[in-house]
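Reader: I'd like a close look at one part of this protein before I go back to the bench. Could you walk me through it in plain words?

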Amino acid sequence: MAAPDFDDGGSNGGLVARSAKGDNAAPLSITEISNLLKRTVEDRFGFVRLRGELSGVKRAASGHVYCCLKDEGAVIDGVMWRTTAQRLTFVPEDGLEVVASGKLTTYPGRSKYQIVIDSLEIAGEGALLALLEKTRQRLAAEGLFAPERKRPLPFLPRTIGVVTSPTGAVIRDILHRLADRFPSHVVVWPVLVQGQGSAEQVAAAVRGFGALAADGPVPRPDLLIVARGGGSIEDLWSFNEEIVVRAIAESPIPVISAVGHETDTTLADHAADRRAPTPTAAAEIAVPVRGELAATVADFAARKRRAILRPVAIGRERLEARVQRLPKPEALLQPQAQKLDELAERLRRGLKDRAAQARERLQADAARLSPASLRHRIDRAQDRLDAARLTPLLATARLQRERERFAALERLHASLNPKAPLARGFVLVKDAGGELVRSRSAAAVQARLEIEFADGLLPVVPAGSALGNPPPRKVPKRPAGAPPRQDDLFDLE
């Protein structure tokens, strides 16, 4: 007999599952109960706001963000789909306290519940400042804020690039201040300065200015101003984003950061080459005052003129001082003039005395030139003349001495005559130009020679010359036992 379908109550200790008597509920599958739980949780918790600390944040290749929200006593998983993650205005990091809005749901594959995050906000200004400090320390450790990276600003930029909103009061303040101080060419790159995508636009503008060609249609700026008006820390958060900070730090053009008011500080201020407390102050830092420059140039020109004329003035003063110390020309010539007067007086007295003396001598000589005295002197001279003996020997003796002297000179002349030895059998050897040849080596290189005898010249050709060898010389025979003669060397037949 078959077993009944229903037990009569109590626990079933059999091997086969049996429905209890009066129970009309069929057993549920795991998928069915998971779906029931999912609908129940989503209906009950369709919108929740959770506050907690982020942990285990990771971004998948698909763009989805997975994380955990925890507090002191519990942990809940969270997921943020790619479209929601792209709208975040900050980068979620571990340890950051946030407020997540979304709905609870379950993940049947792991029997877990989780929150699907629709928006993620930093939980209060303190958490935001903590995130800011953490980002600052990380970027500072990379050297992005190092003082040695700061570059000097150009003194007078020709073109200034401004990264800001084109519709705000900031750009008008900058342009107005530049026009007042020193009109410059300004290129504005319009960007969003707040909200979703503003950080990416600011970073793209800074990099875009740096990528401009120096000779392109749009002039490359010599200086950049990244500016925004004042606001809360949330309003200025785009300038704390890492993408903006890195773009400013890597810019090949010097950057002035003018974000917010004087009390506002962003990470862009640390990365820039110069921080301005306000956008108007950035314009004042960027260019000097044209009037002050003109006054400085005029002052330099005046100083240059004074510097040029100062040596002339000093020289004139020194010359005048030295001229005053010089003696007067009259004083210099006074001793000489006095001496001249004294000499003139002495000359006058000397001439007068000489004339008196000459007059006295003339009177004395006139007394001596009487006819009797002159006749007496003539008689005495005649007596001396008669007493002198004029003999021919006096003249002949002197003539003989001169003749002997002339003969000696003649003998000396004959001994020094270079052609005198020719009469004794000597000869002179000359080249074709008539110059004397004094050695055998000098004669060997001559094409033609001339031998001068006492009675004339004899042309000869040296042996081995290009004109041919001369005929052999015939040497006359001398009698046996006869002594050699000096002219044997020149005896040609």
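Reader: How many bridges join E1 to strand E2 (residues 65-70), and do the two run parallel or antiparallel?

Author: Five bridges join E1 to E2, and the two strands run antiparallel. Before going further, a word on the source: this is a predicted model, where local features need pLDDT of at least 70, side-chain atom pairs count only at pLDDT 80 or more, and totals for chains, interfaces and linings use all residues. Residues are numbered from 1 along each chain as its sequence is written, and side-chain values use heavy atoms, with hydrogens and water left out.

Some vocabulary, too. Helices (H or I, at least four residues) and strands (E, at least two) are DSSP runs numbered from the N terminus, and two strands pair if DSSP finds at least two bridges between them. In general, strands of a sheet pair through backbone hydrogen bonds, either parallel or antiparallel.

Back to your pair. Ser 55 stands opposite Cys 68 in E2. E1 and E2 make a hairpin with five residues between them, and Gly 63 in that turn has a positive phi of about 100°.

E1 (residues 48-59) also pairs with E4 (residues 97-107): six bridges join them, and they run antiparallel. Two of the partnerships can be picked out by eye: Arg 49 has Ser 101 of E4 as its bridge partner, and Gly 52 has Val 98 of E4.

From E4 you can carry on to E5 (residues 112-122), since 10 bridges join these two antiparallel strands. Look for Lys 103, which stands opposite Val 116 in E5. This is a hairpin as well, with four residues between E4 and E5, and Ser 111 in the turn has a positive phi of about 55°. As for cover, buried means under 20% relative accessible area, exposed over 50%, and partly exposed in between (1.4 Å probe, protein chains only). By that yardstick E4 is mostly covered, with eight of its 11 residues buried.

Now the cysteines in E2, which I'd guess you'd ask about. Take a disulfide to be a pair of cysteine sulfur atoms within 2.5 Å; a search of the whole structure finds zero of them. Cys 67 is in no disulfide, and the nearest cysteine sulfur, that of Cys 68, is 6.7 Å away. Seen from the other end, the sulfur of Cys 68 has its closest cysteine sulfur in Cys 67, and 6.7 Å is too far for a bond. Their cover is worth checking as well: Cys 67 counts as buried because its relative accessibility is 8%, while Cys 68, at 21%, counts as partly exposed. As a rule, side chains in a regular strand alternate between the two faces of the sheet.

Cys 67 also leads to a glycine. Gly 78 sits in strand E3 (residues 75-80), and at 3% relative accessibility Gly 78 counts as buried. With contact meaning heavy atoms within 4.5 Å, Gly 78 touches Val 65, Tyr 66, Cys 67 and Ile 115, leaving aside residues up to four places away in sequence. Gly 78 and Val 116 are 38 residues apart in sequence, yet their C-alpha atoms are 5.9 Å apart in space.

Elsewhere in the chain there is another sheet to find. Five strands form an open sheet in the order E7-E6-E8-E9-E10, with parallel pairing. E7 and E10 (274-275) stand at the edges with a single partner strand each, so one side of each is left without a neighbour in the sheet. Inside that order, four bridges join E6 to E8, which run parallel, and Ile 160 stands opposite Leu 223 in E8.

Helix H4 ties in here. Its buried residues are Val 170, Ile 171, Ile 174, Leu 178 and Arg 181. They cover an arc of only 110° around the axis (judged by the directions from the helix axis to the C-beta atoms), which puts them on the same side of H4. Arg 172 and His 176 are exposed on the other side of H4. What covers the buried residues of H4 includes strands E6 (159-164), E7 (185-190) and E8 (223-228), together with helices H8 (279-286) and H9 (290-325).

To place all this in the whole: the chain has 13 helices and 13 strands, and 27% of its 493 residues count as buried.
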